[in-house]
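Biologist: I would like to learn how to read a structural model with some care, beginning with the way helices pack and going on to individual residues. Could you take me through it step by step?

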Amino acid sequence: MIYVGTCGFSESMKKYFEDYYTVEIQQTFYKLLDIKLLQKWRKMSKEEFIFNFKAFQGITHPYTSKTWKRSNVDVSKFKEKVGYLKPTKEVFGFWRKMVDYANVLKTKVIVVQMPDSFKSNNDNWENAEKFFRNIERGNFEIGVELRGWSEYDIKKFCSKFDVIDVCDLNSRLPTFIKEISYFRLHGSYRNGKINYYHQYSDYELKVILEKVKKLKSKEIFLYFNNVFMLNDSKRFLQLINEFKKIL
């Protein structure tokens, strides 16, 4: 089964729930949200709608990250105790909130997006070891997006901690295949940088679909995260429908 959506609600929530069957929530990365708000979203959507979301930045990003400027949490109170999967009471506390979110939303995948500064070194491997050994893993999968790592280390990380290799199909194929695959399409890449202003051509969308069709996962989540994500995702959905008619 292929699920297509966007990173964040790309149109009014009412319209989005009519047009799609899944979304990747972005607000959960920047802020700690009221459970009542999530309950409201769950009630607004159809029963089969799937909410996936990004884990709070207190789990992944150090206090020096610019992303904290958009947060409703005063990171100055935590300083060195947050980010990089550090096995601190603060990080574990934030994770427990993510589990609560997942239970309310009936989430399939929580995405743990690591910053570029999270390198493959001994300290970070030790943090990850203690983090994944001690966290609660409920009725959901964990996807990890590692940036700037070698494919060898990504595969080692994902297999060791039994997590989904979250990647961009335009950049590479996943190194570790599970029953669920998860992709975030950012646009195009120029000189190692992401160009979010890239609009996918019909040919590019067909290439993506061909890659997806070859995967052996039972469920595949594919989210557009470029400036033209609303238009591109709907074109991709149409492409999938046309493919189904051929079968």
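**Helices, then single residues**

Modeller: In this predicted model, helix α5 (residues 89-105) and helix α6 (residues 122-134) pack at an angle of about 45°, with their axes 11 Å apart.

Biologist: Which two quantities describe a pair of packed helices in general?

Modeller: The description of two packed helices rests on the angle between their axes and on the distance between those axes. Here the angle is about 45°, and α5 and α6 are therefore oblique to each other. The crossing in which α5 passes α6 is right-handed.

Biologist: Which residues of α5 and α6 meet?

Modeller: From α5 come Val 91, Phe 92 and Trp 95, and these meet Lys 130, Phe 131 and Asn 134 in α6. By character, the residues of this contact divide into four nonpolar, one polar and one charged.

Biologist: At what angle do α3 and α5 pack?

Modeller: Helix α3 (residues 35-44) and α5 pack at an angle of about 25°, and their axes are 9 Å apart. Since angles under 35 degrees count as roughly parallel, that makes α3 roughly parallel to α5. The passage of α3 across α5 is again described as a right-handed crossing. Ile 35, Leu 38, Gln 39 and Arg 42 on the α3 side meet Asp 100, Tyr 101, Val 104 and Leu 105 on the α5 side, and the residues of this contact divide into five nonpolar, one polar and two charged.

Biologist: Turning to single residues, is Glu 145 buried or exposed?

Modeller: The cut-off to keep in mind is that buried means under 20% relative accessible area. Glu 145, which lies in strand β5 (residues 141-145), has a relative accessibility of 5% and so counts as buried. Its side chain is joined to that of Arg 147 by a polar contact of 3.3 Å. Leaving aside residues up to four places away in sequence, Glu 145 touches Val 112, Gln 113, Met 114, Val 166, Arg 184 and His 186.

Biologist: Where is Cys 167 found, and which residues does Cys 167 touch?

Modeller: Cys 167 is found in the loop between β6 and β7 (180-185), and with a relative accessibility of 4% it counts as buried. Beyond residues up to four places away in sequence, Cys 167 touches Arg 172, Leu 173, Pro 174, Tyr 182, Phe 183 and Arg 184. Thr 67 is 100 residues from Cys 167 along the chain, and the C-alpha atoms of the two are separated by 21 Å.

Biologist: What is the relative accessible area of Leu 237?

Modeller: Leu 237, placed in helix α9 (residues 229-246), has a relative accessible area of 24% and is therefore partly exposed. Apart from residues up to four places away in sequence, Leu 237 touches Val 4, Asp 19 and Tyr 20.

Biologist: What sign does phi have in most residues other than glycine?

Modeller: Most residues other than glycine have a negative phi, which is the background for reading two loop residues here. Leu 85, in the loop between α4 (57-60) and α5, has a positive phi near 60°, and at 1% relative accessibility Leu 85 counts as buried. Asp 162, in the loop between α7 (151-161) and β6 (164-165), has a positive phi near 55°, whereas its relative accessibility of 39% makes Asp 162 partly exposed.

Key:
Residues numbered from 1 in each chain as written. Predicted model: local features only at pLDDT ≥ 70, side-chain atom pairs only at ≥ 80, totals over all residues. Heavy atoms only, no water. Axes fitted to C-alpha atoms, helices over the stretch in contact; angles between N-to-C directions. Helix = DSSP H or I, 4+ residues; strand = E, 2+ residues; numbered from the N terminus. Parallel < 35°, antiparallel > 145°, perpendicular 65-115°, else oblique. Left-handed = near helix turned anticlockwise from the far one by under 90°. Contact = heavy atoms within 4.5 Å. Nonpolar A, V, L, I, M, F, W, Y, C, P; charged D, E, K, R; others polar. Buried < 20%, exposed > 50% of the residue type's maximum accessible area, 1.4 Å probe, protein only. Polar contact = N/O pair within 3.5 Å; in protein donor to acceptor, adjacent residues only side chain to side chain.
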